[in-house]
Amino acid sequence: MAPTTRIGVCNICEAICGLRITIDGDRVTDVRGNPDDPLSRGHICPKGVAVGDLHHDPDRLRRPVRRDRATGEWHEVSWDEALDLVADGIAGAINEHGRDAVGVYLGNPNAHSLGFATHGVPMVKALRTRNRFSASTVDQVPHQLVAHLLYGHQLLIPVPDIDRTSYFLVFGANPMASNGSLMTVPDFPQRLRDLKARGGRMVVVDPRRTETARVADEHVFVRPGTDAVVLLAMLQVLFAEGLTRPAAYVDGVERVGDAVSGFTPEHAEAVSGVPAETVRRLARELAAAEGGVAYGRIGLSTQGFGTVCQWAIACLNALTGQLDREGGALFTEPAIDFVTTRLIGRGHHDLYRSRVRRAPEYGGELPVSVFAEEIETPGEGQVRAVLTIAGNPVLSTPDGKRLGAAFESVDFMAAVDVYVNETTRHADVILPPTTILERDHYDIVFHGLAVRNTARFTEAVFDKPRDARHDWQVFRDLTQRITDRLDRKPSRRARLRTRLRLATSPTFAIGMLLRRGRRTTITDLRRAPQGVDLGPLRPTLPDRLQTADHRIDLAPAVVLADLERVRRHLSGSPDGLLLIGRRHQRDNNSWMHNVERLTRGRPRHQLLMHPDDLAERGITDGARVSVSSRVGSVEVEVAASDDMMPGVVSLPHGYGHQQPGTRMAGAATVPGVSINDLTDPDRLDLSGNAALNGVPVSVEPAGRT
């Protein structure tokens with residue numbers, strides 16, 4: 001049989017690039033970007049090239065496995081046996097100890113899974129546990145809380161109109177490596193070149209000269225964890241110099257002005273290291289831009305004042321008139337609108353709190369930073385059974401070593417995953433679903449966060465093997481089996497509603513949702529597998545707002561109250577070293593290091609440290625050092641780098657694979673340590689998001705006693 005080319009998609013990261021995949025029988029022989037895709041326009045990054053490697057990975061689980069706790073050995077079992085074992089373990093914990101005895105963790109890939117959106121969410125809801133955790137609380141919850149408070153829906157998040165902006169002000173984001181986040185922007189390098197060609201500028205504010213900062217017109221160093229005072233000082237400048245021009249539907253402007261009046265540029269300089277005149281100039285430049293936008297991402301969200309930072313970014317755009325303006329910050333109008341269809345809830349905050357620390361929930365999830373203590377602490381509501389879905393929190397969340405030990409102590413643990421990794425090695429049963437090349441796909445979330453309105457439905461490249469299960473089939477069957485085993489079952493009406501929702505395939509559901517949206521149909525998308533262009537972003541306010549009065553209250557009380565905490569904690573220049581994370585274009589959190597194509601070349605696991613900080617401690621470039629925080633210590637090689645702000649050190653996220661009991665042979669050879677053996681679960685933003693950046697650490701030569 002001659003090789004054939006199929007239209008595919010890379011849904012590994014938020015860029016959702018279209019692909020052309022050449023297959024020869026059951027093998028992927030070539031992967032290229034699809035130039036006909038209206039959003040990605042032929043762009044592809046190394047992760048997209050590797051989709052075939054992931055599919056063919058010999059370490060990827062194809063059948064369910066069960067762990068013998070006595071020997072640690074894994075044994076293949078049938079799907080029926082595996083599903084029954086999981087249902088027995090989960091239902092047994094609920095029947096004996098109550099519904100909160102089950103803890104659920106959802107990893108990042110679930111946001112990229114159509115099957116999870118249609119079938120996984122109902123399954124988790126059917127468990128009715130309050131002990132729900134996800135990667136969102138080490139990532140993006142401050143964005144969601146601010147969107148909920150200001151715009152009426154947690155994912156109604158304005159997107160930079162990058163294709164028409166004249167001034168792009170970036171805080172704590174690295175789209176040259178990430179391809180954009182909460183801003184789906186494939187081919188960012190070309191879009192940046194286009195911005196500069198039309199006379200525009202990009203300014204990056206970051207503690208490290210990132211890949212994005214290197215190609216910016218200007219890079220400004222800022223001390224980790226202090227962005228809030230810089231942003232608040234910029235707001236103060238807007239009010240002091242009469243530069244505000246909010247839309248008529250924006251309320252609370254005077255209250256914002258009063259709240260930020262004491263945050264002067266001089267104070268910001270003393271705390272953050274950003275010169276006062278630079279603070280003033282950035283505020284003036286944004287206000288003067290004809291279509292400019294401020295954008296802040298994970299570097300802002302993963303610090304102690306993440307919500308204040310994201311609120312201040314929103315205020316900057318709204319007060320300078322850049323919100324809902326071409327070239328500014330605009331809302332998408334996707335073919336399947338998760339906002340108006342209520343596919344995703346509006347959001348809520350502090351409806352209940354965790355049992356041990358009394359940490360507030362957000363959107364029905366508790367901060368993952370409290371997961372370990374909820375397992376360790378005896379009493380009513382103690383987590384005794386765990387279900388993880390496409391996640392590796394042992395490497396991805398604060399004090400991961402402690403969390404791994406907690407997982408080993410539970411009565412039962414199951415995972416829906418394709419690998420035996422640092423987390424799933426603790427499971428009793430692993431249920432492996434099909435890969436991204438074996439299932440149909442539509443990006444519900446990321447079409448709704450993209451820099452252009454498009455729609456694309458992608459059929460599976462390969463048929464599902466006969467003895468395999470799609471994730472949605474796993475979720476459907478687990479829901480039914482667990483419900484049947486519960487002593488206290490949901491009402492008959494609730495059971496019927498859940499069963500009907502789970503009875504149809506994700507593809508059928510997408511067809512119905514597209515018909516409801518009336519912008520395109522699944523038939524149209526099947527005929528145009530490269531995707532259809534629905535046009536550029538456009539002004540939509542105030543109609544697009546989901547607040548009751550279709551207005552924006554720019555001064556929510558919960559955020560203004562947190563400014564006092566900013567005043568108390570950010571009052572001077574910190575002593576010692578501060579730790580930040582980083583990512584690389586060939587990394588994707590913790591789960592792609594088993595692909596040799598993505599890990600070869602120069603090592604990128606080292607601690608980056610400014611040469612002056614090395615010299616001060618008598619440490620040589622390339623030496624092995626001990627890095628210590630309140631919660632732990634690691635040993636790793638250090639690399640001198642002028643890209644680091646003095647006083648700041650950096651480790652990459654997602655490393656630390658040298659742990660016993662895993663079955664990822666390639667990843668085990670990749671050097672590096674887990675930054676989350678240093679991050680502190682006690683450091684939280686008001687939203688519950690972990691403060692992973694700005695962690696105080698010490699660095700000294702390894703072996704020193």
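Let me start with the positive surface patch, which in this predicted model is formed by Arg 99, Arg 128, Arg 130, Arg 358 and Arg 488. If you want one of these arginines to look at on the screen, take Arg 488, which sits in the loop between α18 (471–485) and α19 (492–503). Its relative accessibility is 76%, and because the cut-off for exposed is over 50%, Arg 488 counts as exposed.

From charges on the surface I turn to charges that are paired. Side chains of opposite charge can pair when their charged atoms come close. In this structure the count comes to 51 salt bridges, and I will go through three pairs and one network.

The pair to begin with is Asp 187 with Arg 41, whose side chains meet in a salt bridge at 3.6 Å, N to O. Asp 187 lies in the loop between α6 (175–178) and α7, while Arg 41 lies in the loop between β3 (27–33) and α1 (46–49), so this pair ties together parts that are 146 residues apart in sequence. As for how covered the two partners are, Asp 187 is buried, with a relative accessible area of 12%, whereas Arg 41, at 34%, counts as partly exposed.

Next comes Arg 164, which forms a salt bridge with Asp 161, and here the closest N and O atoms are 2.8 Å apart. Arg 164 is partly exposed, with a relative accessible area of 28%, while Asp 161, at 2% relative accessibility, counts as buried.

The remaining pair is Glu 373 with Arg 357, where the closest N and O atoms are 2.9 Å apart. It links distant parts of the chain, with Glu 373 in helix α15 (residues 371–376) and Arg 357 in the loop between β15 and β16 (360–362), 16 residues apart. Glu 373 is buried, its relative accessible area being 8%, and Arg 357, at 26% relative accessibility, counts as partly exposed.

The network, for its part, links Asp 80, Asp 84, Asp 88, Arg 481 and Arg 485 by salt bridges.

Let me move on to the aromatic side chains. A pair of aromatic rings is described by the distance of the centres and the angle of the planes. How many aromatic pairs does the structure hold? The number is 6, and one of them is formed by Tyr 151 and Phe 331, an edge-to-face pair with 5.3 Å centre to centre and 75° between the planes. Tyr 151 belongs to helix α5 (residues 141–151) and Phe 331 to the loop between β14 (329–330) and β15 (349–353), so the pair ties together parts that are 180 residues apart in sequence. Tyr 151, at 4% relative accessibility, counts as buried, and Phe 331, at 1%, counts as buried too.

Phe 168 and Phe 188 form a tilted pair, with 6.4 Å centre to centre and 50° between the planes. Phe 168 lies in strand β9 (residues 167–171) and Phe 188 in helix α7 (residues 188–197), so that this contact ties together parts that are 20 residues apart in sequence. Both Phe 168 and Phe 188 are buried. There is also one aromatic cluster, formed by Phe 133, Phe 371 and Phe 407.

I would now like to turn to the backbone. Which two residues are joined by a cis peptide bond? They are Leu 541 and Pro 542, with omega at about 10°, and Pro 542 has its place in the loop between β23 (532–536) and β24 (552–553). Leu 541 also appears in a distance along the chain, for its C-alpha atom and that of Ile 522, 19 residues apart along the chain, are separated by 29 Å. Ile 522 lies in helix α21 (residues 522–527) and is buried, with a relative accessible area of 15%.

Two further residues deserve a look for their phi angles. Arg 342, although it is not a glycine, has a positive phi of about 65°; it lies in the loop between β14 and β15 and is partly exposed, with a relative accessible area of 39%. Asp 399, also a residue other than glycine, has a positive phi near 50°, and its place is in the loop between α16 (393–396) and α17 (400–409). Is Asp 399 buried or exposed? At 12% relative accessibility, Asp 399 counts as buried.

Methods
Residues are numbered from 1 along each chain as its sequence is written. This is a predicted model: local features need pLDDT of at least 70, side-chain atom pairs count only at pLDDT 80 or more; totals for chains, interfaces and linings use all residues. Side-chain values use heavy atoms; hydrogens and water are left out. Patches are made of residues with over 30% relative accessible area and no salt bridge: like charges are joined within 9 Å, nonpolar side chains (Val, Leu, Ile, Met, Phe, Trp, Tyr) within 5 Å. Accessible areas come from the Shrake-Rupley method with a 1.4 Å probe; for residues, only the protein chains shown count as cover. A salt bridge is a side-chain nitrogen of Lys or Arg within 4 Å of a carboxyl oxygen of Asp or Glu. Lys and Arg count as positive and Asp and Glu as negative; His and the chain ends are not counted. The place of a charge is taken as NZ of Lys, CZ of Arg, CG of Asp or CD of Glu. Helices (H or I, at least four residues) and strands (E, at least two) are DSSP runs, numbered from the N terminus. Buried means under 20% relative accessible area, exposed over 50%, partly exposed in between (1.4 Å probe, protein chains only). Rings of Phe, Tyr and Trp (its six-membered ring) pair if their centres lie within 6.5 Å; planes under 30 degrees apart count as stacked, over 60 as edge-to-face and the rest as tilted.
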